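Biologist: Could you walk me through this one slowly? I would like to understand how the parts touch each other.

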Amino acid sequence: MTTVDRAAPPQEPRTRGSRRGRRSRDWVGYLPYLLPGLIAFTVVILIPFGMNIWYSLHKWKGGNAPLRWYGLGNYTDLLADEQFWTSFRNSIAMILAMVVVPTLIGLLLATTLFDVLGKRFGPRVASVLRATYYLPQILPVAVAGVLWNWILNSQTGAVNVILREIGVANPPNWLGSTDTALPTVMLVLIWIQIGYPVVIFMSALQRVDPELYEAAELDGAGWWHRFRAITIPQIKPETFVITLTCTVAALKVFGPIYVLTRGGPESSTLVPSYYSYLNFFDKSKVGYGAAIANVLTVLIILIAVVIMVLQARSARREEEGR
Amino acid sequence: MASARKRYVAGALALALPLALAACGGDSSGGGGGSDGDTLTVWHYENDDSAMGQAWAKAIEIFEDEHPDVTVNVENQTFEQIQKNAKIFLTGDDVPDVMEYNKGNATAGQLASQGLITPLTEEADSRGWADTLPDSIQTTAMYDEQGLMGSGDWYGVPNYGEFVGVYYNQDMLDAQGIAQPTTFDEFEAALATFKAAGITPLAEAGAEYPLGQLWYELVLHYGDRDLIDDYQLFADDVDFQNEAFTQATEKLDEWIKAGYIASDSAALTAEDMGVSFINGTYPIMVSGSWWFGRLVEEIPFTWTQALFPDNTMHPGSSGNLWVVPENAANKDLAYDFIDITLRPEVQEILGQKGGLPVAGDSSSITDEKTKEMTENFESILDEDGLAFYPDWPVPGYYDVIVSELQSLVNQSKSPSEVLDGLSTAYQDGKTDLLEG
């Protein structure tokens with residue numbers, strides 16, 4: 001009896017210990033699958049980001065020039081830099097042009113194509129139209145930018161030639177005036193961007209159970225009611241994805257600005273990424289350019305986290321049936 | 001060296017990632033000379049049919065004749081490609097032996113101060129380059145430790161020159177009964193006559209270099225050599241509210257208000273300007289000798305080229321430089337090649353094709369128009385009249401000048417405010433340059 005008592009070890013700790021051991025063995029088992037991603041993340045993102053932070057604490061011309069320690073000087077210099085603030089103010093306009101407006105228009109177009117045109121003229125017509133809206137997304141941004149530059153040229157561009165033909169004596173100087181350059185760039189960005197939410201929303205709509213609509217229709221719900229009570233809640237996950245990806249794209253937008261205005265006229269279309277590029281390449285102020293890129297990166301991470309938290313909260317609510 | 005390279009590449013990558021700048025990485029796949037002395041790798045960005053392109057082809061031909069055991073590997077790059085990426089790819093080992101590069105504090109000066117290109121002073125002395133090239137051309141060849149041109153070691157060798165002048169549509173002048181202006185007053189009178197006839201006289205472009213060069217012509221009109229040495233070479237402090245800068249900026253403002261420059265030209269490019277002059281939309285274009293070949297090819301009307309009236313100094317400089325990367329494998333072959341580009345047979349091709357040779361003789365040029373332009377350039381050199389370009393003093397100044405002068409075209413800033421904007425960026429850039 002005594003022997004048995006002594007020989008029997010406590011049950012609980014042994015169980016816990018073996019679970020821990022199994023977990024650790026599981027982790028080791030997954031390692032070969034995790035390792036390539038971890039290495040790639042470290043080499044491609046983590047180390048360069050760390051180096052970029054290191055550079056941002058220095059004054060450096062680049063190349064073999066000496067690094068001079070500057071502490072947080074580049075960051076405090078940014079605070080007093082009017083162009084830096086202008087570039088971030090313009091980012092709000094970019095979010096409007098690349099996230100808010102395209103998402104709203106995309107939602108409207110997708111539901112119209114799906115609900116009205118798709119049902120009346122068949123899915124093939126809806127698909128063709130969807131592809132048409134997506135075309136600007138496929139077009140290289142350099143090509144799109146050059147085309148829009150031609151179209152919007154103040155003297156020889158198609159838009160102003162037409163306006164003059166119909167009697168407008170002084171048509172707008174689209175990309176050349178501080179009043180019109182930013183709105184014009186925004187319009188081009190909307191044009192580029194619209195196809196993306198249309199495609200995503202249309203595939204989301206195909207996922208929604210048609211019985212929901214049929215039931216609502218039987219209950220006498222009109223289009224607007226069905227849209228508000230069924231469509232919008234059902235496609236919420238896709239809406240989050242679009243908002244997240246487009247917001248990140250809007251904050252780091254570079255190509256369209258480079259091709260259309262190079263930040264001008266008078267810095268009216270300057271954006272952070274282009275400003276960083278200017279400092280890095282044209283002014284050889286590598287530390288300062290790195291500081292701008294870091295601020296931008298942190299901002300992008302913060303906004304992405306906020307959107308992802310909101311998305312998780314929304315999904316949790318849905319699961320809980322609220 | 002290797003760790004510096006890694007640092008820079010990692011830094012570039014780090015910057016490139018958040019910004020998604022696909023164009024940041026230099027393409028090194030095809031570059032790089034062999035280290036065995038059997039290969040010479042040359043990078044340049046001239047079109048084959050341009051004066052420079054043809055002259056470089058001749059230089060390569062001569063080099064191959066004189067170095068039968070050496071393979072010459074010529075790679076055509078684009079100006080932008082080399083301009084933007086040189087700082088990155090020159091830190092690697094896979095670099096050309098000799099490369100064409102833009103000149104000035106903001107460009108070759110930066111590479112020199114970053115230790116990315118080889119000092120050439122010994123070669124310049126021993127091979128006589130210092131005697132061959134005129135003094136004002138040598139300014140852009142030399143850079144000090146901070147990358148400021150005009151003193152220090154030789155870092156590049158120019159073969160040709162360029163300057164800004166005035167192109168006239170002679171048919172349009174004749175139609176208005178205007179003789180080609182020989183004085184500044186006559187030039188202004190011509191502008192007024194055209195405007196009165198409902199023709200905007202000056203082809204301009206606010207989004208790129210042309211408007212800055214016109215502004216600088218006016219600064220040179222009212223200023224003197226001391227001011228230019230202060231402005232370009234940091235000989236002394238520059239007061240941007242001084243008489244010459246003020247008069248020049250106010251004169252440009254006056255011309256804009258008078259309608260001598262189209263009010264919608266703020267976003268136009270140099271290409272827009274050139275095409276509108278070629279199309280006969282505007283009768284006068286103030287721009288560089290680099291347009292010459294294209295104008296000869298494309299203009300259907302009678303046209304002439306002259307120096308900006310009454311100016312003793314003109315925007316202009318040597319052409320681009322031949323530089324030897326610090327990590328080049330076959331530097332001696334590179335020096336031989338550079339030496340060949342300065343020989344009479346290569347310089348003659350530049351001259352005949354309108355490329356403004358710096359070691360040539362205009363008397364042998366057969367085409368009248370080309371001869372006239374080359375003589376104009378020689379007269380500038382004789383008077384030490386090359387005043388470089390307005391965006392040269394500090395890195396990143398090009399965008400500042402473009403932006404400030406766009407404000408003038410759009411009438412959103414007064415001349416005094418424009419000068420304040422130019423002054424602030426200049427002083428900041430100068431401080432950065434001098435502090436290293």
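Modeller: Before we start, a word on contact: two residues are in contact when they have heavy atoms within 4.5 Å of each other. Please also keep in mind that this is a predicted model.

Biologist: OK, so which residues of α2(B) meet α15(B)?

Modeller: From α2(B) the residues are B:W56, B:A59, B:I60, B:I62, B:F63 and B:E66, and on the side of α15(B) they meet B:L333, B:D336, B:F337, B:I340 and B:T341. Sorted by class, the residues of this contact are eight nonpolar, one polar and two charged.

Biologist: And at what angle do those two helices pack?

Modeller: Helix α2 of chain B, residues 51-66, and helix α15 of chain B, residues 331-341, pack at an angle of about 125°, and their axes are 9 Å apart. Angles over 145 degrees would count as roughly antiparallel and 65 to 115 as roughly perpendicular, so α2(B) and α15(B) are oblique to each other.

Biologist: Is the crossing left-handed or right-handed?

Modeller: Where α2(B) passes α15(B), the crossing is right-handed.

Biologist: What about α12(B) and α18(B), how do they cross?

Modeller: Helix α12 of chain B, residues 243-258, and helix α18 of chain B, residues 397-409, have axes that come within 9 Å and cross at roughly 45°, and these two helices are therefore oblique to each other. The residues B:T249, B:L252, B:D253 and B:I256 of α12(B) meet B:L405, B:L408 and B:V409 of α18(B), and by class this contact has five nonpolar, one polar and one charged residues.

Biologist: Switching to chain A, how do α12(A) and α15(A) cross?

Modeller: In chain A, the axes of helix α12, residues 236-251, and helix α15, residues 286-319, come within 10 Å and cross at roughly 175°. That angle makes α12(A) roughly antiparallel to α15(A). The contact includes A:F240, A:L244 and A:V248 from α12(A), and A:L299, A:I303 and A:I307 are among the residues from α15(A). By class, the residues of this contact divide into 13 nonpolar, four polar and two charged.

Biologist: Now the two chains together: how many residues does each one give to the contact?

Modeller: Chain A gives 50 residues and chain B gives 49 residues. The area buried between the two chains is about 3900 Å², and carbon and sulfur atoms give 53% of that area.

Biologist: How many salt bridges are there between the chains?

Modeller: There are three salt bridges between chain A and chain B, while a search of the whole structure finds 19 over all chains. One salt bridge joins the side chains of A:K59 and B:D432, at 3.7 Å from N to O, and this pair crosses between chains, from strand β1 of chain A to helix α19 of chain B. Another salt bridge is formed by B:D264 with A:R164, where the closest N and O atoms are 3.9 Å apart.

Biologist: Last topic, the backbone: which peptide bond is cis, with omega near -5°?

Modeller: That is the peptide bond from A:G264 to A:P265, and A:P265 lies in the loop between α13 and α14 of chain A. In general, most residues other than glycine have a negative phi, and most peptide bonds are trans. A:E266 is also in the loop between α13 and α14 of chain A, and the phi of A:E266 is near 55°, a positive value in a residue other than glycine.

Key: Residues are numbered from 1 along each chain as its sequence is written. Chains are lettered from A and ligands numbered from 1 in the order in which they are written. This is a predicted model: local features need pLDDT of at least 70, side-chain atom pairs count only at pLDDT 80 or more; totals for chains, interfaces and linings use all residues. Side-chain values use heavy atoms; hydrogens and water are left out. Axes are lines fitted to C-alpha atoms, for helices over the stretch in contact, and angles run from 0 to 180 degrees between N-to-C directions. Helices (H or I, at least four residues) and strands (E, at least two) are DSSP runs, numbered from the N terminus. Angles under 35 degrees count as roughly parallel, over 145 as roughly antiparallel, 65 to 115 as roughly perpendicular and the rest as oblique. A crossing is left-handed if the near helix is turned anticlockwise from the far one by less than a right angle, and right-handed if clockwise. Ala, Val, Leu, Ile, Met, Phe, Trp, Tyr, Cys and Pro count as nonpolar, Asp, Glu, Lys and Arg as charged, and the others, Gly among them, as polar. Buried area is the accessible area (1.4 Å probe) that two parts lose on being put together, summed over both. A salt bridge is a side-chain nitrogen of Lys or Arg within 4 Å of a carboxyl oxygen of Asp or Glu.
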